Amino acid sequence: MEKIKVEDAVGMTLLHDITGIYPGFKGALFKRGYVIKKGDVRTLLDIGKQYIYAGDADNGMIHEEDAAQRLSELSLVEGCHYEGPSEGKMVLVSDKRGMFKVDTELLARINRIKDITISTLPDHYKVEPGARVASMRIVPLFTEEEHIEKAEELCKGKKLLDLLQYKHKKVGIIITGSEIYHGRIEERFEQVLRKKMTYFPVDIVGVKICDDDIDMIVDSAGELLESGADLLMFTGGMSVDPDDLTPGAIRKLGADILSYGLPAQPGNMTLIAYLGDIPIIGVPGAAVSLPVTMLDVILPQVFTGLRFTVDDIINMGDGGLCQLCTTCHFPNCTFGKY
């Protein structure tokens, strides 16, 4: 491979895409394999290209486009497709709605390899069809093939990237509070939860309103389970006040509470529990007064069927503080990236 002045490159074949940047445009003006014509010389000079590369790669070296394609094969993701190579990179695009997953430790190990760069959306990210979720390329035009081989070896038997689809759930809702049960205040939780559920594939099998009575709460939950509920959502009674009995009722139901309280706000008092394989969420009052809380952060994982771990809970602290923006941009913001 040698460096050639563009004035002397007429009739030569480009070894790489050449990018042009103009107001409102950034992209490949000339693609790899393009044969340079006399009229292209001025264009190349105008975008600051005085030289091109010509010739063949040295032994043991791999071209950026071939490297990007090899890197894309490290993680073929169901529900996504790759676009490219273009400008030396391959881009992974989602075809479906779901929760994007990244093995962050594996990603870091790969990015430590010389010349390789793989960038992704955050782990646990909620994505829509058409979203760009990952991009893969090497920095120089050529790199040693052994670098790509190291990445391939690291990925053997592992899943670097994934897009988890949402599973259908039958949801039972238990609304607690004497002030609601006795009609002293208007009940607002049901409308909020029904609206949030429209995003996911669900049937709501029933809604129960309970007094501050543990036995009534437990019995109501049991009736919803008998109706086929495979996700229970409890609202109210989630603070530290002596009248707030919901966590105790969940324990009496026989559930294992993974976490009562998350290192995140708003929604600090959110509860996550499991009754066998059935997830249970305790929803604090912030879900009524604010458009986005930790409920919105955890629901995507709940609907993938992926069970929460203690590490998941701990990791919620990093990115767990909502900025309470005047205009909410969730999930395209810092909140809830665990």
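**Exercise 1.** In this predicted model, which residue of strand E10 does Met99 stand opposite? Place the pair in its strands.

*Solution.*
- Met99 faces Lys126, a residue of E10.
- Strand E8 covers residues 98–102. Strand E10 covers residues 125–127.
- Three bridges link E8 and E10, in the antiparallel sense.

**Exercise 2.** Which residue of E13 is the bridge partner of Lys101, and how many bridges join E8 to E13?

*Solution.*
- The partner of Lys101 is Asp162.
- E13 spans residues 161–164.
- Four bridges join E8 to E13, and the two run antiparallel.
- E8 thus pairs with E10 and with E13.

**Exercise 3.** Is strand E8 mostly covered or mostly open?

*Solution.*
- Buried means under 20% relative accessible area.
- Five of the five residues in E8 are buried. The strand is mostly covered.

**Exercise 4.** Describe the largest nonpolar core: how many residues does it have, and which have the most contacts inside it?

*Solution.*
- The core has 36 residues.
- Met233, Ile281 and Phe303 have the most contacts inside it.
- Elements that each supply at least two of its residues include strands E14 (169–176) and E16 (231–235), and helices H6 (189–197) and H10 (294–304).
- H10 gives the largest share, seven residues.

**Exercise 5.** Which residues does Ile281 contact, leaving aside neighbours within four places in sequence?

*Solution.*
- From Leu231 onward, the partners include Leu232, Met233 and Phe234.
- Thr270 and Leu271 are also in contact with Ile281.
- Leu295, Ile298, Leu299 and Val302 complete the set.

**Exercise 6.** How many residues does the other core have?

*Solution.*
- This core has 31 residues and lies apart from the 36-residue core.
- Among its members are Leu92, Ile113, Ile116 and Met136.

Conventions: Residues numbered from 1 in each chain as written. Predicted model: local features only at pLDDT ≥ 70, side-chain atom pairs only at ≥ 80, totals over all residues. Heavy atoms only, no water. Buried < 20%, exposed > 50% of the residue type's maximum accessible area, 1.4 Å probe, protein only. Pairing = 2+ DSSP bridges. Core = buried A, V, L, I, M, F, W, Y, C linked by side-chain atoms within 4.5 Å. Contact = heavy atoms within 4.5 Å.
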